[in-house]
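User: Please take a close look at the cysteines of this predicted model and at the helix packing around them. A connected account would be appreciated.

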Amino acid sequence: MFEENYEKLSRSEQRQFQECVNYILYHCFVVRRIYDRNTKNFMINPYYNFISTHFDVINDYLDYAGIEIVKDNDNGVIYTNSVLEVNRIRLDGVTTIMVYALRSYFEKALTNEPTMTQVYIDSINLKNYLNETSLSTASRRISSETIKASLRTLVNYNVLCLANGSLSEGSYGLYILPSIRYVISDAKLNALCRFYNDLNGEEENEEY
């Protein structure tokens with residue numbers, strides 16, 4: 001079935017197919033709206049549109065490798081899922097803390113503006129939030145450098161996007177994207193919540 005549907009695509013579409021498959025395998029998450037730093041506006045992501053339009057043929061292709069793609073139209077997120085429960089990204093402790101903090105900040109912001117699909121946070125507010133929630137002391141490895149490294153990882157996977165400034169310089173603004181909801185499952189998020197409410201000073205790695 002895949003071969004038949006693929007052959008129905010034009011040469012241009014086949015080229016887009018290749019680009020989109022490589023894109024989603026590399027970044028794991030594809031969001032519907034991406035930020036353009038030149039215009040300072042969000043615009044429709046052409047990768048999301050193509051994958052959404054040709055969802056079945058791309059899913060059929062990836063199925064050969066034991067991978068499926070999942071689409072959430074409400075939040076505007078498409079992401080990969082390993083059917084075989086292998087090749088999952090292993091997050092280090094600092095990145096796990098950052099995901100937890102950013103998800104918490106994201107959800108709190110949406111309680112006031114439930115129609116938002118992305119939430120802005122700058123370096124100052126992020127630092128303050130980590131301090132307010134005591135997450136800044138949740139791991140011995142937390143430092144300005146490890147936080148920057150974690151944020152770069154999350155930008156690469158389309159969980160965050162850089163709105164202004166530079167991560168390397170330490171002064172920046174970020175948009176938390178709706179894909180933040182799929183980095184950690186709700187069950188593991190609840191477990192992390194209990195863990196951080198009863199800190200024992202030990203750092204753990206979690207696989208998601």
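Analyst: Cys28 is buried, at a relative accessible area of 16%, which lies under the 20% cut-off for that class. Cys20 is buried as well, with a value of 3%. Neither burial nor sequence settles whether sulfurs are bonded; the distance between them has to be examined. The cysteine sulfur closest to that of Cys28 belongs to Cys20 and lies 15 Å away, too far for a bond, because a disulfide requires a pair of sulfur atoms within 2.5 Å. The count is accordingly 0 disulfides in this predicted model. For Cys20, likewise, the nearest cysteine sulfur is that of Cys28, at 15 Å, and Cys20 is in no disulfide.

The surroundings of Cys20 include a helix contact. Helix H2 (residues 11-27) and helix H3 (residues 46-53) cross at roughly 110 degrees, and their axes come within 10 Å. H2 is therefore roughly perpendicular to H3. On the H2 side, Cys20 takes part in the contact together with Glu13, Gln16, Phe17, Glu19, Tyr23 and Ile24, while H3 contributes Tyr47, Phe50 and Ile51. Sorted by class, the residues of this contact are 7 nonpolar, 1 polar and 2 charged.

A further helix pair may be set beside it. Helix H5 (residues 93-112) packs with helix H6 (residues 123-132) at an angle of about 105 degrees, the axes being 11 Å apart. H5 is thus roughly perpendicular to H6. H5 supplies Met98, Ala101, Leu102, Ser104, Tyr105 and Lys108, and H6 supplies Asn125, Leu126, Tyr129 and Leu130. The contact of H5 with H6 has 7 nonpolar, 2 polar and 1 charged residues.

Terms used
Residues numbered from 1 in each chain as written. Predicted model: local features only at pLDDT ≥ 70, side-chain atom pairs only at ≥ 80, totals over all residues. Heavy atoms only, no water. Axes fitted to C-alpha atoms, helices over the stretch in contact; angles between N-to-C directions. Helix = DSSP H or I, 4+ residues; strand = E, 2+ residues; numbered from the N terminus. Parallel < 35°, antiparallel > 145°, perpendicular 65-115°, else oblique. Contact = heavy atoms within 4.5 Å. Nonpolar A, V, L, I, M, F, W, Y, C, P; charged D, E, K, R; others polar. Buried < 20%, exposed > 50% of the residue type's maximum accessible area, 1.4 Å probe, protein only.
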